[in-house]
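Visitor: I am new to this structure and would like to learn how to read it, step by step. Could you show it to me and then take my questions in turn?

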Amino acid sequence: ASGNKILPKIGEFLKQKVTSYFEEQGDVATVKYIDPSYMVRSIPANSSDSLYCMQLAQNAVHGAMAGFTGFSVGLCNNRMVLLPIPELVATSPRKMNPHGRTWERVLAVTRQPNTVTPLKEGEVDTYDSHAPMLR
């Protein structure tokens, strides 16, 4: 829920508009809306999550109050840093190796099951790991 008492929830609004558009065109469209807030995390936040979120929020406010714009806050080498968004977008990998360490870490932290089909014996991972790195 967005918490906005005046405007409707945007997902339900868009679903209704898309469905009515196709009905007006004489087409049939099945639109399914799944509230993304349920997909973000399926387990309650723990104390580490709370501390990390507090640090992200505080540093975002510090950056804004210092006059910076176009930045994101992140943790690099155990230090909270302000990262320029254009640099993040330009150097961010567009794909993640589903058999790699990063994906395994995501699964471990979020406690999700691994639904990736394992490589067969002798099969070589063809994922291109030469994604651009942050300078």
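Guide: What follows is a short conversation about the chain as a whole, its helix 1, its surface and its aromatic rings. This is a predicted model, in which local features need pLDDT of at least 70 and side-chain atom pairs count only at pLDDT 80 or more, while totals for chains, interfaces and linings use all residues. Residues are numbered from 1 along each chain as its sequence is written, and side-chain values use heavy atoms, with hydrogens and water left out.

Visitor: Which helices and strands make up the secondary structure of the chain, and what pattern do they follow?

Guide: Helices (H or I, at least four residues) and strands (E, at least two) are DSSP runs, numbered from the N terminus. Here there are five helices and two strands, and along the sequence they are arranged as α-α-α-β-β-α-α.

Visitor: How should I read the span of helix 1?

Guide: The expected span of a helix is 1.5 Å times one less than its number of residues. Helix 1 covers residues 10-24, and its 15 residues reach 21 Å from the first C-alpha to the last, close to the 21 Å expected. Just after helix 1 comes G26, with a positive phi of about 85°.

Visitor: What nonpolar patch lies on the surface?

Guide: Patches are made of residues with over 30% relative accessible area and no salt bridge (a side-chain nitrogen of Lys or Arg within 4 Å of a carboxyl oxygen of Asp or Glu), and nonpolar side chains (Val, Leu, Ile, Met, Phe, Trp, Tyr) are joined within 5 Å. In this chain I10, F13 and L14 form such a patch, with about 290 Å² of accessible area together, as given by the Shrake-Rupley method with a 1.4 Å probe, where for residues only the protein chains shown count as cover. An α-helix has 3.6 residues a turn, so residues three or four places apart point the same way.

Visitor: Is F13 buried, exposed or partly exposed, and why?

Guide: Buried means under 20% relative accessible area, exposed over 50%, and partly exposed in between (1.4 Å probe, protein chains only). F13 counts as partly exposed because its relative accessibility is 35%, whereas of the 135 residues of the chain, 10% count as buried.

Visitor: Which residues form the aromatic pair?

Guide: Rings of Phe, Tyr and Trp (its six-membered ring) pair if their centres lie within 6.5 Å, with planes under 30 degrees apart counted as stacked, over 60 as edge-to-face and the rest as tilted. The structure holds one such pair: Y21 and F22 are edge-to-face, at 5.4 Å centre to centre and 80° between the planes.

Definitions and conventions. Patches are made of residues with over 30% relative accessible area and no salt bridge: like charges are joined within 9 Å, nonpolar side chains (Val, Leu, Ile, Met, Phe, Trp, Tyr) within 5 Å.
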